[in-house]
Amino acid sequence: MLWNDEFETLPREAIEALQLKRLQHTLERVCATVPFYKKRFSEAGITPGDVRSLDDLRRLPFTLKQDMRDNYPYGLFAVPLDQIVRIHASSGTTGKPTVVGYTKRDIDNWAELMARSFAAAGTTRGDVIHNAYGYGLFTGGLGAHYGAERLGASVIPMSGGNTQKQMMIMQDFGSSVITCTPSYSLYLAEALKESGVDPNALKLRVGILGAEPWSEEIRAEIERNLGIKAIDIYGLSEIMGPGVAIECIEAQHGLHIWEDHFIPEIIDPDTEEVLPDGEHGELVITTITKEGIPLIRYRTRDITRIIAEPCICGRTHRRLERMSGRSDDMLIIRGVNVFPSQIESVLFSIDGIEPHYQLIVDREGTLDTLEVQVEVNEKTFSDEIKKLQELSQKISRAIKDLLGITCKVRLVEPKTIARSEGKAQRVIDRRQQ
Ligand code: DLL
């Protein structure tokens with residue numbers, strides 16, 4: 001179902017004309033209001049006036065996550081704080097997370113695009129939307145919430161966790177749509193089974209799942225175990241939050257990226273060359289309607305390709321293929337974004353251990369697990385068991401404090417972790433995608 005017939009079916013030339021107009025306006029604005037962009041553009045020898053076609057976009061410099069950290073917290077905002085009505089931040093980092101701010105109009109556009117996304121996923125105002133994305137600094141909860149309200153559906157603001165209660169509400173309130181991560185939906189399916197509830201007896205019919213990588217195999221399992229249609233939704237806090245792109249229920253193949261608000265490009269992550277439609281590479285997004293924190297050529301690090309062929313649903317916005325990975329080492333563990341370097345900094349702040357470690361990420365049942373294997377030095381190794389236990393508890397507590405995730409710590413003898421001659425293999429990800 002279309003939510004906004006006019007914009008969702010704009011002919012290609014009209015989308016591109018709108019994109020160019022909005023891009024030019026955004027460039028003028030960021031150069032006038034954000035010193036970072038003014039400097040970057042002048043270093044690159046380009047002014048907003050030089051951008052006369054969409055092809056000229058490739059002449060502009062990229063924006064990186066590091067740029068957001070360097071300008072923490074508000075340095076990239078394009079409006080004064082009194083025009084910002086909401087602040088979110090990316091999960092998984094303390095110290096310097098990436099911070100984003102929304103004006104009233106940004107929140108309005110986000111709600112609109114999420115409503116559009118819900119409609120594309122085949123949901124309507126008649127649905128009871130059980131929103132199990134986390135509410136808080138993470139964009140999932142509030143992003144889906146505002147969109148579900150804009151759609152006119154009945155939204156249950158569940159947030160994450162407390163699976164027993166989720167199951168009770170789901171049965172008693174007649175939830176027909178669930179919004180959560182794919183892994184949590186599998187966990188719920190398992191929990192329902194264990195408590196003897198037949199998912200087919202529930203009203204549940206659609207899952208709008210995202211915030212972490214998943215696969216066609218996992219989709220099949222979710223659809224089978226919960227008796228629902230599972231729809232892939234993509235987004236990132238830097239660009240807006242959930243609702244940047246979503247699959248339509250008609251095709252369930254490729255995620256329509258809302259091109260009247262975002263311009264996608266695919267680049268080779270090494271050479272930074274723009275690749276033609278259809279080729280795999282890193283997704284780069286330019287926002288063209290955002291007021292609070294517009295981003296120019298933001299490198300998402302997500303790997304995908306653009307599907308330019310028309311879609312059976314009639315929407316004219318191009319599609320992104322399901323994300324197949326990342327071009328950096330960021331891991332997503334139970335929905336939390338984790339960089340191995342963050343764990344490394346915890347390890348290195350603790351006495352008695354060597355700078356050799358390995359992170360083993362796995363999946364037990366449907367939940368991600370993290371084991372941190374770290375070498376202790378000779379002196380520590382000869383300590384009594386109790387001391388070693390204290391040490392491993394100290395490490396796991398420090399990781400929990402920093403990242404909010406529980407992990408298992410295994411202290412190993414000196415020189416047992418394989419040394420490598422090239423890049424160290426710090427991460428072993430055994431989760432099957
Ligand atoms: O995860 C926003 C979101 C919330 C999207 C709810 C969908 C649903 P961040 O916490 O900033 O924002 O994490 C963004 O998560 O760059 C991807 O690497 C990954 N990601 C998000 N959606 C998908 C997806 C939210 N459908 C990062 N498939 C992104 C694969 C995804 N990866």
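The shell of residues around the ligand divides into 10 nonpolar, 6 polar and 5 charged. Here Ala, Val, Leu, Ile, Met, Phe, Trp, Tyr, Cys and Pro count as nonpolar, Asp, Glu, Lys and Arg as charged, and the others, Gly among them, as polar.

A word on the source. This is a predicted model, in which local features need pLDDT of at least 70 and side-chain atom pairs count only at pLDDT 80 or more, while totals for chains, interfaces and linings use all residues. Residues are numbered from 1 along each chain as its sequence is written, and side-chain values use heavy atoms, with hydrogens and water left out.

Back to the ligand. Which residues are the closest to it? They are Asp232, Ile233, Ser237, Asp302 and Arg326, out of 21 that surround the ligand; a residue is near a molecule if one of its heavy atoms lies within 4 Å of it.

Next, polar contacts, meaning pairs of N or O atoms within 3.5 Å. Asp302 has a side-chain N or O atom 2.6 Å from an oxygen atom of the ligand. For Ser237, a polar side-chain atom lies 2.8 Å from a ligand oxygen, and for Asn337 the corresponding distance is 3.4 Å. Taken alone, the ligand exposes 610 Å², and the protein buries 97% of that; these areas come from the Shrake-Rupley method with a 1.4 Å probe.

Which elements give two or more residues to this shell? They are α6 (139-151) and β7 (229-236), and β7 supplies the largest share, 5 residues. Helices (H or I, at least four residues) and strands (E, at least two) are DSSP runs, numbered from the N terminus.

Now the sheets. In general, strands of a sheet pair through backbone hydrogen bonds, either parallel or antiparallel. Two strands are called paired if DSSP finds at least two bridges between them.

One open sheet has 9 strands in the order β4-β3-β5-β6-β7-β8-β9-β14-β13, with mixed pairing. Its edge strands, β4 (154-156) and β13 (306-307), each pair on one side only. β13 and β14 (residues 319-320) run antiparallel and are joined by 2 bridges; Ile306 has Leu320 in β14 as its bridge partner.

Another open sheet has 4 strands, β10-β11-β12-β15, with antiparallel pairing. β10 (262-267) and β15 (325-326) stand at the edges with a single partner strand each, so one side of each has no neighbour in the sheet. Between β12 (residues 298-304) and β15 there are 2 bridges, and the partner of Ile303 in β15 is Gly325.

Last, two backbone details. Most residues other than glycine have a negative phi, and most peptide bonds are trans. The peptide bond from Tyr72 to Pro73 is cis, with omega near -10 degrees; Pro73 is in the loop between α4 (65-70) and β1 (84-89). Ala211 has a positive phi, near 85 degrees, and is placed in the loop between β6 (206-210) and α9 (216-226).

Key
A polar contact is a pair of N or O atoms within 3.5 Å; within protein, one must be able to donate a hydrogen and the other to accept it, and residues adjacent in sequence count only if both atoms are side-chain atoms.
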